[in-house]
Amino acid sequence: RRSSTGAPASTVSMAQRALSRLGYYQGPQDGVSSPALRMAIAAYQRDQSLSTSGALDGETLSRLSAFAR
């Protein structure tokens, strides 16, 4: 199942976990995208000097994966 970010639920869950650990996201870690998650992704992207889309693109996922373990 894909979320509104276009990513599979397992990928969204990983991003939620990583962004939560980094202090960007305080919502549920349920694999479901939300406006709060997209705002957290955009804030992380902005702080990392990435293209600020709010989407889980390859570079964003690559950087977040280190914090999801």
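Is Tyr44 buried or exposed? In this predicted model, Tyr44 is buried, with a relative accessible area of 3%. That makes Tyr44 a handy place to start, since the residue turns up again in an aromatic pair and in a contact between helices.

Take the aromatic pair to begin with. A pair of aromatic rings is described by the distance of the centres and the angle of the planes. Searching the whole structure turns up 1 aromatic pair. Its rings belong to Tyr24 and Tyr44; the centres sit 5.5 Å apart and the planes stand at 90°, so the pair counts as edge-to-face, the cut-off for that label being over 60 degrees. The two partners come from distant parts of the chain, 20 residues apart: Tyr24 belongs to the loop between α1 (9–21) and α2 (35–47), while Tyr44 is part of helix α2. Burial is uneven across the pair. Tyr24 is partly exposed at a relative accessible area of 23%, whereas Tyr44 is buried at 3%.

Now for helix α1. Its 13 residues should span 18 Å at 1.5 Å a residue, and the C-alpha atoms at its ends are indeed 18 Å apart, so expectation and model agree. The buried residues of α1 are Thr11, Val12, Ser13, Met14, Ala15, Gln16, Ala18 and Leu19, and these pack against α2 and α3 (58–65). Thr11, a residue of α1, is worth a second look: its relative accessibility is 19%, so it counts as buried, the limit being under 20%. Apart from neighbours within four places in sequence, Thr11 is in contact with Leu56 and Leu61.

What comes just after α1? Here Gly23 takes a positive phi of about 85°. Gly23 lies in the loop between α1 and α2 and, at 49% relative accessibility, counts as partly exposed, because the exposed class begins over 50%. Although 17 residues separate Gly23 from Ala40 along the chain, their C-alpha atoms are 9.0 Å apart. Ala40 is itself one of the buried residues of α2.

The loop between α1 and α2 also holds Tyr25. In contrast to the partly exposed Tyr24, Tyr25 is buried, with a relative accessible area of 3%. Leaving out residues up to four places away in sequence, Tyr25 touches Gln16, Leu19, Ser20, Ser34, Ala36, Leu37 and Ala40. Gln16 and Leu19 appear among the buried residues of α1, and Leu37 and Ala40 among those of α2. Tyr25 can also be placed relative to Ala43: the two are 18 residues apart in sequence, with 9.7 Å between their C-alpha atoms.

Helix α2 passes the length check too. For its 13 residues the expected span, at 1.5 Å a residue, is 18 Å, and its end C-alpha atoms are 18 Å apart, which agrees. Its buried residues are Leu37, Ala40, Ile41, Ala42, Ala43, Tyr44 and Gln45, and they pack against α1 and α3.

How do α2 and α3 cross? Two packed helices are described by the angle between their axes and the distance between the axes. The axes of α2 and α3 come within 11 Å and cross at roughly 85°. The two helices are therefore roughly perpendicular to each other, a label that covers 65 to 115 degrees. On the α2 side the contact is made by Ile41, Tyr44 and Gln45, and on the α3 side by Thr60, Arg63 and Leu64. Sorted by type, the residues of this contact come out as 3 nonpolar, 2 polar and 1 charged. Tyr44, already met as a ring partner of Tyr24, thus also contributes to the contact of α2 with α3.

Last comes the loop between α2 and α3, home to Ser49 and Ser51. Ser49 sits just after α2 and has a positive phi of about 60°, a value found here in a residue other than glycine. At 69% relative accessibility, Ser49 counts as exposed. Ser51 is exposed as well, with a relative accessible area of 56%. Not counting residues up to four places away in sequence, Ser51 touches Gln45 and Asp57. Of these two, Gln45 is among the buried residues of α2 and is also part of the contact with α3.

Conventions:
Residues numbered from 1 in each chain as written. Predicted model: local features only at pLDDT ≥ 70, side-chain atom pairs only at ≥ 80, totals over all residues. Heavy atoms only, no water. Phe/Tyr/Trp six-rings, centres within 6.5 Å; stacked < 30°, edge-to-face > 60°. Helix = DSSP H or I, 4+ residues; strand = E, 2+ residues; numbered from the N terminus. Buried < 20%, exposed > 50% of the residue type's maximum accessible area, 1.4 Å probe, protein only. Expected span 1.5 Å × (residues − 1). Contact = heavy atoms within 4.5 Å. Axes fitted to C-alpha atoms, helices over the stretch in contact; angles between N-to-C directions. Parallel < 35°, antiparallel > 145°, perpendicular 65-115°, else oblique. Nonpolar A, V, L, I, M, F, W, Y, C, P; charged D, E, K, R; others polar.
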